[in-house]
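Visitor: Please pick one part of this structure and take me through it closely. I would like to see what surrounds it, and then how its neighbours are built.

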Amino acid sequence: MMSENLWDRFLTYDNFLLAWQRTVNVTSRMIIDELGFKIFAFNLEANLKDLIRQIKAEDFPYTPLADHKVYVPKPSTTLRTMSLMAVPDVIVYQALVNVIADESHQYLVSHENQHIFGNIYAGSGKRWMLKPWKQQYNNFVNSVEKLYRNGNSWIASTDIVSFYDTIDHERLIQIVDKYCGHQMCNKFGNLLKECLSKWSAHTVDVKMSRGIPQGSNASDFLANLFLHELDKIMICRGYNYVRYVDDIRIL
């Protein structure tokens, strides 16, 4: 039964309803199918239950659709790749990450707002999945300034180029399994892997083994979990290390 825990919690109506609520709450940060969301909302309960039924079915009729990539200019004149996903896929993705976050957050909380400031989980059941980014970014800046004032006048400043696009799926799934207490059964892991392989590709008929879709809180949480091993190494070795998403300062 332990091996089925994540799968069973994933497939509850309450989890899918929370996934819907967390998704619609962050539409300003996402590239979304606005008409698709409005149509889905007209019969929300029935549509969520039907989506769960599809995933539960023995013949596994639910399959994730390839997303569309939208390239958004950045201040640096490069482009940020955002993902326009089908409405059911957005909900399934958020529902998967809901249960991952609830199980793994206990390992992340010890470093939050001390060394790690971006993409902080708001807590189980909260309709806003992550704590407000503006306040968290201010906390990050204040932490760097405090370390500087304390005599750490040399600052190494770096980030990870194309971070979300280069996250390896196999490594991510290993990390998820580790921090969820090895409760991730084959069904859960296979669905997550299948979804990510479809949503990371830039062409419909190609599957990728790296990259997670940008623009959702689900990806933001997974990205944070992915870097937790790095965080532990840097903190345990005594570095004045602070991180906001993939922006890193070492003083």
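Guide: Start with helix α7, residues 169–179, whose buried residues are H169, L172, I173, I175, V176, D177 and Y179. Keep in mind that the model is predicted. An α-helix has 3.6 residues a turn, so residues three or four places apart point the same way. Read the buried set of α7 with that in mind: H169, L172, I173 and V176 are among its members.

What do these buried residues touch? They pack against four helices: α5 (87–108), α8 (186–199), α9 (217–226) and α10 (228–236).

Now the two ends of α7. At its start, D168 sends a side-chain oxygen to within 3.2 Å of the backbone nitrogen of E170. After the helix comes G181, with a positive phi near 70 degrees.

Two cysteines deserve a check here. C180 is buried, with a relative accessible area of 0%. C185 is buried too, at 8%. Are they bonded to each other? A disulfide is a covalent bond between the sulfur atoms of two cysteines. The cut-off for calling one is 2.5 Å between the sulfurs. By that rule the count is zero disulfides. C180 is in none, and its nearest cysteine sulfur, that of C185, lies 11 Å away. The reverse holds as well: C185 is in no disulfide, and its nearest cysteine sulfur is that of C180, at 11 Å. The 11 Å separation is over the 2.5 Å limit, so this pair does not qualify.

Next, α8, one of the helices that α7 packs against. Is its length consistent with a regular helix? It has 14 residues. At 1.5 Å a residue, they should span 20 Å. The end C-alpha atoms are 20 Å apart, so the expected and modelled spans agree. The buried residues of α8 are F188, G189, L191, L192, C195, L196, S197, K198 and W199. They pack against α7 and α5, and also against α1 (5–10), α4 (44–56), β1 and β2.

That list leads to the hairpin. β1 and β2 run antiparallel, joined by six bridges. One of the pairings is V72 with R80 in β2. In a regular strand the side chains alternate between the two faces of the sheet. Five residues separate the two strands, and among them T77 takes a positive phi near 80 degrees. T78 sits in the same loop, between β1 (68–73) and β2 (79–84). T78 is partly exposed, with a relative accessible area of 41%. Beyond its neighbours within four places in sequence, T78 contacts V72 and P73. V72 therefore appears twice, as a contact of T78 and as the bridge partner of R80, while T78 itself counts as partly exposed at 41%.

Treat β2 with some care. Its mean confidence is 79, the lowest in the protein. The highest is in strand β4 (residues 241–244), at 97. Over the whole protein the mean pLDDT is 89, and 94% of residues reach 70 or more.

From β2, the chain moves on toward α5. A86 lies in the loop between the two. A86 counts as partly exposed, at 24% relative accessibility. Its C-alpha atom is 8.3 Å from that of I32, although 54 residues separate the two along the chain.

Past α5 there is another loop, running to α6 (133–149), and N119 is placed in it. N113 is in that loop as well. Which of the two is buried and which is partly exposed? N119 is buried, at 12%. N113 is partly exposed, at 35%. N113 also has a positive phi of about 60 degrees, though it is not a glycine.

N119 brings us back toward the surroundings of α7. Its side chain reaches the backbone oxygen of D220 at 3.2 Å. Leaving aside neighbours within four places in sequence, N119 contacts L130, Y164, D220, N224 and V245. The helix α9 (217–226) is one of those packed against α7.

One contact of N119 remains, V245. V245 lies in the loop between β4 and β5 (247–250). V245 is buried, at 16%. Its phi is positive, about 55 degrees, and it is not a glycine.

Technical notes:
Residues are numbered from 1 along each chain as its sequence is written. Side-chain values use heavy atoms; hydrogens and water are left out. Buried means under 20% relative accessible area, exposed over 50%, partly exposed in between (1.4 Å probe, protein chains only). Contact means heavy atoms within 4.5 Å. pLDDT is the predictor's confidence in each residue, from 0 to 100. A polar contact is a pair of N or O atoms within 3.5 Å; within protein, one must be able to donate a hydrogen and the other to accept it, and residues adjacent in sequence count only if both atoms are side-chain atoms. The expected span of a helix is 1.5 Å times one less than its number of residues. Two strands pair if DSSP finds at least two bridges between them.
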